[in-house]
Amino acid sequence: MSNADTLSPSREALLTDRLMAVRDGAPPLIHLDPTLIPETETEAYGIQDHVARALQARYGSVIGWKVGAASSEAVPFAAPLHEATLFHGDTALPRGLCRHRGVEAEIVYRFARDLPARERPWTLEEVLDAIGSVHTAIEIIDTRFAEPNSQPRLAHLADQGSHGALIIGPGSDQWRSLSPVSETVTLNLGDGRRITHIGGNSAGDPRRLLVWLANHAAARGMPLLKGCVVTTGSMTDTVFLPPGLTVTAQIASLAPVSVTLTR
């Protein structure tokens with residue numbers, strides 16, 4: 001890694017402190033000083049690492065990841081997820097956990113075997129063989145910025161990819177029969193609106209993301225281990241909703257899952 005790809009400690013610490021201060025109750029960020037905006041993905045991931053370490057005392061260990069890509073050819077991006085932001089089965093979102101409530105239907109894969117760091121990269125077949133189950137999930141998109149989607153791309157990446165919470169439905173071990181690009185996804189928003197369509201992930205087949213992530217996570221010292229869950233990007237637009245609604249998602253024949261957006 002060259003010096004040009006490394007954020008200076010003071011600058012890295014400043015942005016980490018700003019993001020953590022908002023999590024501690026400070027007003028959300030409206031305008032970020034341009035000198036604090038990461039200039040490369042390497043810089044953004046460095047800040048992610050600092051935030052992840054700072055969050056461990058509050059949210060527990062990293063036991064999951066989110067991964068996505070802007071298109072089927074684009075380089076993926078990722079962020080680690082902590083234990084206390086992952087929920088299993090129908091869930092009432094804990095009060096105070098999220099400032100914004102953007103809902104997305106996503107496919108989650110749970111791993112049944114470790115994919116630790118090693119000299120040669122993990123291959124597609126090796127990564128797929130390590131999968132144990134597949135799940136319908138709802139990710140809650142949150143941000144430490146005042147307005148969702150208002151931050152520069154690399155500031156968004158540094159801010160844990162705007163992760164708030166992940167609600168994971170019951171799993172199926174028949175994941176090989178699931179074709180993510182051709183399955184029906186349904187998201188009932190609880191206010192009379194219903195989103196339903198085929199596929200919808202901007203990354204195309206999300207299984208390609210898992211291979212990239214297995215190698216990326218291992219290189220960062222947070223490898224995919226047995227029990228780790230990976231959510232693979234939105235199959236629906238992000239819809240920001242008020243509190244009080246119950247949202248339900250279902251993908252293909254997988255069991256549905258719901259989240260109540262607590263007031």
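How many aromatic pairs does the structure hold? The structure holds zero. This is a predicted model. The views below take up its rings, a buried acid, its largest pocket and its largest cavity.

**View 1. Two arginines sit over aromatic rings.** Aromatic pairs number zero in this structure. Ring contacts with charged groups do occur. R58 places its charged end over the ring of Y59. The distance to the centre of the Y59 ring is 5.8 Å. R118 lies over the face of W122. Here the distance to the ring centre is 3.6 Å.

**View 2. E139 is a buried residue of strand β6.** Is E139 buried or exposed? Its relative accessibility is 1%, so E139 counts as buried. The cut-off for buried is under 20%. The side chain of E139 has a partner: a polar contact joins it to the side chain of H163. That contact spans 2.9 Å. Strand β6 covers residues 131-141 and also supplies at least two residues of the lining of the largest pocket, shown next.

**View 3. The largest pocket has a volume of about 610 Å³.** Its lining counts 30 residues. Which of them lie nearest the centre? They are G68, A69, F77, H156 and S202. Several strands and a helix build the wall. Strands β1 (62-68), β2 (77-82), β5 (102-111), β6 (131-141) and β10 (229-234) each give at least two lining residues. Helix α4 (153-158) does likewise. By type, the lining holds 10 nonpolar, 13 polar and seven charged residues.

**View 4. One cavity of 30 Å³ or more turns up in a search of the whole structure.** The largest cavity encloses about 30 Å³ of space. Elements that give two or more residues to its lining are α2 (41-59) and β2. What lines this cavity? The lining consists of Q48, V51, A52, P80, H82, A158 and Q160. Helix α2 provides the largest share, three residues. Four lining residues are nonpolar and three are polar. No charged residue takes part in the lining of the largest cavity, whereas the lining of the largest pocket includes seven.

**View 5. Strand β2 serves both spaces.** In the largest pocket, β2 (77-82) supplies at least two lining residues. In the largest cavity, β2 gives two or more. F77 is among the residues nearest the pocket centre. P80 and H82 are among those that line the cavity.

Terms used:
Residues numbered from 1 in each chain as written. Predicted model: local features only at pLDDT ≥ 70, side-chain atom pairs only at ≥ 80, totals over all residues. Heavy atoms only, no water. 1 Å grid on protein atoms, 1.4 Å probe; cavity = no way out; pocket = protein on both sides within 12 Å on 5 of 7 lines; lining within 4 Å. Points joined across faces, edges and corners; volume = space filled by probe spheres on them. Helix = DSSP H or I, 4+ residues; strand = E, 2+ residues; numbered from the N terminus. Nonpolar A, V, L, I, M, F, W, Y, C, P; charged D, E, K, R; others polar. Phe/Tyr/Trp six-rings, centres within 6.5 Å; stacked < 30°, edge-to-face > 60°. Lys NZ or Arg CZ within 6 Å of the ring centre and 35° of its normal. Buried < 20%, exposed > 50% of the residue type's maximum accessible area, 1.4 Å probe, protein only. Polar contact = N/O pair within 3.5 Å; in protein donor to acceptor, adjacent residues only side chain to side chain.
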